[in-house]
Each structure stands twice: as C-alpha cells, then as structure tokens.
Amino acid sequence: YATALATRDITTQFITTLMADSKTARNEIANAVQSTTTKTGATLTGGTAEATLMHALQEVQAAARQKYARSDATKLADYFIGEPLNENIPLLRQYTQGIIEKLGTDTLPGITADKVTALTTLLGNLNTALASQGAAQGGATTTRTTVETQTDSITDRRMVVQFAADAHWPYHI
C-alpha cells in the first residue's frame, strides 16, 4: 500500500518515524512503570524509617516521663509529650531535632550517648528515604508526561494515516 499512500503524503519515512516513535514510547512506558516501582519501594522505606524513628522517640519520651512526671512535669513539654509526633513529616523532623538538642544538655534514665547518636542517624535515614521518594516520584511523573506527549503525537499521526487510507479506499466502494 506504500505507493497508494505516498500519493496522500504518507511516505516510507513517515511510517518509519511513526514506528520508531511507537517503540520509543513503549520503552518509556516501561521506564514509567520502573519509576513507579522505585517510588513505591522508597515509600515503604520511608514508612519503615518513620516507624523506627517513632519507636526511638517513644523510648526517650518514656524515660522523660520516668524522670519528670512526678518531680517536674513542666519539663515533659521539652520532649513534646502529649504532642502527636508524626502528625506530619516537618513536625516529626522538628520534634526529633528538638529532642536531640535537649538530650545534649539533659540526661534521662537509660538514654545513652549511643541512643542519642542513633536518633540522629534515624532522622538522617528518614530524610534520605523521603528525598529518594521525592526523586522517584519526580522521575515517574516526568516519564509519564513524556509518554503522554509521545502517545498524543503517535495518535495524531496514526489518524493521518487512517484518513489517507479512508480517502484512497472509501468504505462505500
């Protein structure tokens, strides 16, 4: 049909480019799926990092209650006791940093220097996981936008071929 379609400006180069672009779009779809899988993994890692950090903070809060609940309850606020620590990520980061700083000047029963260092590490793990999640989400979004643009272009050109075929071989003949 190449000769007939060529009379309608559908050249071999047009078809070759359309096929190559279709293959590229299929590859980009695979990349988009991979990016989404990576984002899902990063989200799970972030959730694990958040839960681990929360457990460590709860241990610190329990030690603060042990030391101050009966003797100086006003100091419980220094450890954000009564606050929803993981209401959102910025607050969790802020509260964790505040607790780490407070532990630099206060000692609590059972909370060693290693545990304070571990809190800093756990906060870093959370930040790393969230950054990874953001990067993966950005990659997935960018790739899907690219695929959408490619698909629209391919669809437009496929329709040009269809209209050329309809004009050359009308259905009523």
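Is Lys-102 buried, partly exposed or exposed? Keep that in mind as you go; the tour comes back to Lys-102. One thing to know early: this is a predicted model.

**Stop 1: helices α2 and α3**

Select residues 12–68. That is helix α2. Now add residues 89–103, which form helix α3. Two packed helices are described by the angle between their axes and the distance between the axes. Here the axes come within 11 Å. They cross at roughly 40 degrees. Angles under 35 degrees count as roughly parallel and those from 65 to 115 as roughly perpendicular, and α2 and α3 are therefore oblique to each other. Their crossing is left-handed.

Next, show the side chains where these two helices meet. On α2, pick Glu-50, Leu-53, Met-54, Leu-57 and Val-60. On α3, pick Ile-89, Leu-92, Thr-96, Ile-99 and Leu-103. Try colouring them by class. The contact of α2 with α3 has 8 nonpolar residues, 1 polar residue and 1 charged residue.

**Stop 2: helices α3 and α4**

Keep α3 on screen and add helix α4, residues 113–168. How close do the axes of α3 and α4 come? They come within 10 Å and cross at roughly 160 degrees. That angle makes α3 roughly antiparallel to α4. This crossing is left-handed.

Show the side chains at this contact too. From α3, select Ile-89, Leu-92, Arg-93, Thr-96, Gln-97, Ile-99, Ile-100 and Leu-103. From α4, select Val-116, Leu-119, Thr-120, Leu-123, Leu-126, Asn-127 and Leu-130. By class, the contact of α3 with α4 has 10 nonpolar, 4 polar and 1 charged residues.

Some α3 residues appear at both stops. Ile-89 is one of them: it is part of the contact with α2, and it also meets α4. Leu-92 is another, listed for the contact with α2 and for the one with α4.

**Stop 3: Leu-130**

Click on Leu-130, in helix α4. Which residues does Leu-130 touch, leaving out those up to four places away in sequence? The answer is Ile-89 and Arg-93. Now draw a distance line from the C-alpha atom of Leu-130 to that of Arg-158. These two residues are 28 residues apart along the chain. Their C-alpha atoms are separated by 41 Å.

**Stop 4: salt bridges**

How many salt bridges does a search of the whole structure find? It finds 5. Visit three of them.

Begin with Lys-67 and Asp-106. Their closest N and O atoms are 3.1 Å apart. Lys-67 lies in helix α2, and Asp-106 in the loop between α3 and α4, so the pair ties together parts that are 39 residues apart in sequence. Turn on the surface. Lys-67 counts as partly exposed, at 30% relative accessibility. Asp-106 is buried, with a relative accessible area of 9%.

Move to Lys-75 and Asp-72. In this salt bridge the closest N and O atoms are 4.0 Å apart. Lys-75 is partly exposed at 31%. Asp-72 is partly exposed at 27%.

End with Asp-78 and Lys-102. Here the closest N and O atoms are 3.4 Å apart. Asp-78 sits in the loop between α2 and α3, while Lys-102 is in helix α3, so this salt bridge ties together parts 24 residues apart in sequence. Asp-78 is partly exposed, with a relative accessible area of 31%.

Now back to the opening question. Lys-102 is partly exposed, with a relative accessible area of 24%.

Definitions and conventions
Residues numbered from 1 in each chain as written. Predicted model: local features only at pLDDT ≥ 70, side-chain atom pairs only at ≥ 80, totals over all residues. Heavy atoms only, no water. Axes fitted to C-alpha atoms, helices over the stretch in contact; angles between N-to-C directions. Helix = DSSP H or I, 4+ residues; strand = E, 2+ residues; numbered from the N terminus. Parallel < 35°, antiparallel > 145°, perpendicular 65-115°, else oblique. Left-handed = near helix turned anticlockwise from the far one by under 90°. Contact = heavy atoms within 4.5 Å. Nonpolar A, V, L, I, M, F, W, Y, C, P; charged D, E, K, R; others polar. Salt bridge = Lys/Arg side-chain N within 4 Å of Asp/Glu carboxyl O. Buried < 20%, exposed > 50% of the residue type's maximum accessible area, 1.4 Å probe, protein only.
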